Amino acid sequence: MQTQSKPPILWANLALFVGTFVLATAGVILYGFHSGYSAPHWIWLIICFSFCGLSITAGYHRLWSHKSYQAHFFLRAIFAIGGAFALQNSVLHWSSDHRRHHKYVDDNDKDPYSAKRGFWFSHIGWMLREYQGESYSDYRHCRDLQRDPIVMWQHKHYVALALATNLGIPFLLGVIYGDIIGFMLMVGALRLVLSHHTTFFINSLAHVWGSQPYTTKNTARDNHLLALLTFGEGYHNYHHLFESDYRNGIRWWQFDPTKWLIKSASWLGLAQNLRTVSNFKIEKAKLTQQFQQAKTNIIALPNPEKILATFESELQQLLEKLQEYETLKQSMIASACSSVKEKYEQALVKVRLEQLDLYLTEKKQQWQNLLDNPRLAAI
């Protein structure tokens, strides 16, 4: 039986990942025992790690890959420099890979880091061999980005920018604080390894560990812990269904610093046209997913046809009222109260919204009761 040979190893990538990992572990620990680290080492590690991380999440990912908002020239330039500092290839190349990932998610032949090829492959293995071959420089999915002068400037000068930031910034800090080796290890190697692997976790861990509250059509999962490590990118099940939303954590209590940064930038005039998904679409996806998950339990119960019919009826009623609520709310926001008649009509809409709110609260509780005990639907 003839086995298929693996693509050639990318020795430069392998040397980079192994070398920086050794420096970030053995190097940092040994130097720490020998010379120790002061507060500036740790402060600048956090600052530079955050700068790199947010440049990837707010810039490479939500701005350029998904066009979920528009950013000022100045902000785009900052993200381009931070992305080079993160050493994850140019905006153009990163976005090209990522758009293909979303378009062909979990397709082992077309998704560049398909989770179905295993944890190691999706985390880092896909970058250690020439798996992409001739498609490596195929940017047909990013023709819009090729019209962005910042993107093309960074793409053209990526190597120089990457060297200048990854060597220059730690070296300059080392000169300022009188410890070049310490800062090269902490802000250079350790920061880079942390930046790499927290980002890589979204391609790997976020496709195998967590919940799927919105869809099971792909392997993406929501994971609150990963959100803490990745500046809010851990709500991956939501993101794969609603990729155009500038938010990943849609609830106020969900940890999503990237969302907060983009929103703050909009208040300062540095970002605009922030795209969001309607609450109705979000609730519809969540309720539909709950119904699909409940089906597996319902089939095993006595009289499953009646139970399923009740579930479908409850779901339909709930969705209809949610749609009505969303429509009324949008009309109320859009309407201008410039006349007595319009104010009166808006007051009527407000009363109807309050009535719907009470109704929806009751229906959602009934729905939850059915999910907790499907046998109730047979009564």
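**Exercise 1. State what share of the protein chain is buried, and describe the chain as a whole.**

Solution. Buried residues account for 46% of the 379 residues in the protein chain; buried means under 20% relative accessible area, exposed over 50%, and partly exposed in between (1.4 Å probe, protein chains only). The model is predicted: local features need pLDDT of at least 70, side-chain atom pairs count only at pLDDT 80 or more, and totals for chains, interfaces and linings use all residues. Residues are numbered from 1 along each chain as its sequence is written, and side-chain values use heavy atoms, with hydrogens and water left out. Next, the secondary structure: the chain has 14 helices and two strands, where helices (H or I, at least four residues) and strands (E, at least two) are DSSP runs numbered from the N terminus. Last, the C-alpha atoms fill a box of roughly 70 × 70 × 45 Å along the principal axes.

**Exercise 2. Classify the packing of helices H3 and H6 by angle and handedness.**

Solution. Step one: the axes of H3 (residues 73–86) and H6 (residues 149–156) come within 10 Å and cross at roughly 25°. Step two: H3 is therefore roughly parallel to H6, a class that covers angles under 35 degrees. Step three: the crossing of H3 and H6 is right-handed.

**Exercise 3. For the salt bridges Asp148–Arg76 and Arg99–Asp144, give the distance, the location and the burial of each partner.**

Solution. A salt bridge is a side-chain nitrogen of Lys or Arg within 4 Å of a carboxyl oxygen of Asp or Glu. The whole structure holds twelve salt bridges.

- In one of them, aspartate 148 meets arginine 76 at 3.2 Å, N to O. The two partners are 72 residues apart: aspartate 148 sits in the loop between H5 (119–123) and H6, arginine 76 in H3. Both aspartate 148 and arginine 76 are buried.
- Arginine 99 pairs with aspartate 144, their closest N and O atoms being 2.8 Å apart. Here 45 residues separate arginine 99 in H4 (residues 91–103) from aspartate 144 in the loop between H5 and H6. Arginine 99 is buried because its relative accessible area is 16%, while aspartate 144, at 23%, is partly exposed.

**Exercise 4. Find the helix that gives the largest share of the nonpolar surface patch, and classify leucine 228.**

Solution. The patch consists of Phe119, Val208, Trp209, Leu225, Leu228, Leu229, Phe255 and Trp260, with about 740 Å² of accessible area together. Helix H9 (residues 224–229) gives the largest share, three residues. Leucine 228 lies in H9. Leucine 228 has 51% relative accessibility, so it counts as exposed.

Notes. Patches are made of residues with over 30% relative accessible area and no salt bridge: like charges are joined within 9 Å, nonpolar side chains (Val, Leu, Ile, Met, Phe, Trp, Tyr) within 5 Å. Accessible areas come from the Shrake-Rupley method with a 1.4 Å probe; for residues, only the protein chains shown count as cover. Axes are lines fitted to C-alpha atoms, for helices over the stretch in contact, and angles run from 0 to 180 degrees between N-to-C directions. Angles under 35 degrees count as roughly parallel, over 145 as roughly antiparallel, 65 to 115 as roughly perpendicular and the rest as oblique. A crossing is left-handed if the near helix is turned anticlockwise from the far one by less than a right angle, and right-handed if clockwise.
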